[in-house]
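Open the chain in your viewer and keep the selection box handy. We will go from one selection to the next, and I will tell you what to look for at each stop.

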Amino acid sequence: VGQLITDGLAAKFGVKMLYEPKIQGFHGSVEGLEMPGSPNNKRLKVSFAKTNQAPLKISPRFGGSARGHNGVRSVIAALGTQDFYRIRIGVGYPKQGPLEQFVMERLSDEELEYWRPGGEGIEKVWEAVVKIIED
């Protein structure tokens, strides 16, 4: 889901994502993009999947523990603080089988449609980002 959100937001703003070997990840930028609430737009925002949250539910939040999420735990360790914004993305919980396998499975057609560039999910994530910036 995270990659779909990244791709969807990049498409929304015409950002071409490029692989950067030094950071072993992707980055992108676009000149002339004005973020709402500037200059307070430099606050870190992290989105992550939550298995104990209903699928397709999006909920922004500030601070708090990792609550068992290894990716969030890594961000907290790297920053040395829990004080950053998170956008939790609900993915649901498996009816059977291991959690690790569930989060790596192919998304349903409904989820793919929801998270496609221009889809409802991308718009809701963007609304959450704007709300964080404006608060």
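Start with Lys12, which is partly exposed at a relative accessible area of 34%; here buried means under 20% relative accessible area, exposed over 50%, and partly exposed in between (1.4 Å probe, protein chains only). Now add Glu123: the two side chains meet in a salt bridge, 3.0 Å from N to O. A salt bridge here is a side-chain nitrogen of Lys or Arg within 4 Å of a carboxyl oxygen of Asp or Glu. The pair ties together distant parts of the chain, with Glu123 in helix α5 and Lys12 in helix α1, 111 residues apart. Glu123 is also partly exposed, at 28% relative accessibility.

Before moving on, a word on the model. It is a predicted one, where local features need pLDDT of at least 70 and side-chain atom pairs count only at pLDDT 80 or more, while totals for chains, interfaces and linings use all residues. Residues are numbered from 1 along each chain as its sequence is written, and side-chain values use heavy atoms, leaving out hydrogens and water.

**Colour by confidence**

Colour the chain by pLDDT, the predictor's confidence in each residue, from 0 to 100. The chain has a mean pLDDT of 78, and 84% of its residues reach 70 or more. Confidence is highest in α4, at a mean of 91, and lowest in β3, at 60. Select residues 35-42 to see a stretch where pLDDT stays under 50.

**Switch to cartoon**

You should find five helices and five strands, in the order α-β-β-β-β-α-β-α-α-α from the N terminus. These are DSSP runs numbered from the N terminus: helices are H or I with at least four residues, strands are E with at least two.

**Helix α1 and the core**

Select residues 2-12, helix α1, and show the side chains. Which residues of α1 are buried? They are Ile5, Gly8, Leu9 and Ala10. What covers them includes β5, α4 (109-115) and α5 (120-134). Just after α1 comes Gly14, with a positive phi near 70 degrees.

Next, display Ile5, Leu9, Ile58, Ile87, Ile89, Trp115 and Val125 as spheres. Of the 18 residues in the largest nonpolar core, these touch the most other members. Such a core is a set of buried Ala, Val, Leu, Ile, Met, Phe, Trp, Tyr and Cys residues joined through side-chain atoms within 4.5 Å. The elements giving two or more residues to this core are α1, β5, α4 and α5, and α5 gives the most, with eight.

Centre on Ile58. Setting aside residues up to four places away in sequence, its contacts (heavy atoms within 4.5 Å) include Ile87, Ile89, Trp115 and Val125.

**Strand β5**

Pick Arg86, in strand β5 (residues 85-90). Arg86 is buried but has no salt bridge, and the nearest side chain of opposite charge, Asp83, is 6.8 Å away. For charges, Lys and Arg count as positive and Asp and Glu as negative, with His and the chain ends not counted. Where does the side chain of Arg86 reach? It comes to the backbone oxygen of Ser65, at 3.3 Å.

Arg88 is in β5 too, and is buried with a relative accessible area of 16%. Draw a C-alpha to C-alpha distance from Arg88 to Pro60: it is 6.0 Å, across 28 residues of sequence.

**Glu111 and Leu56**

Move to Glu111 in helix α4. Glu111 is buried without a salt bridge, Arg106 being the nearest side chain of opposite charge at 8.8 Å. A polar atom of the Glu111 side chain lies 2.8 Å from the backbone nitrogen of Ser108. Leaving out neighbours within four places in sequence, Glu111 contacts Pro55 and Leu56.

Leu56 deserves its own click. It sits in the loop between β3 (45-50) and β4 (58-62), and has a positive phi of about 75 degrees although it is not a glycine. Most residues other than glycine have a negative phi. Leu56 is buried, at 18% relative accessible area.

**Last stop: more salt bridges**

The count of salt bridges comes to three. Select Glu113 and Arg116, whose closest N and O atoms are 2.8 Å apart. Finish with Lys124 and Glu120, joined at 3.2 Å; both lie in helix α5, four residues apart, about one turn of the helix.

Notes. A polar contact is a pair of N or O atoms within 3.5 Å; within protein, one must be able to donate a hydrogen and the other to accept it, and residues adjacent in sequence count only if both atoms are side-chain atoms.
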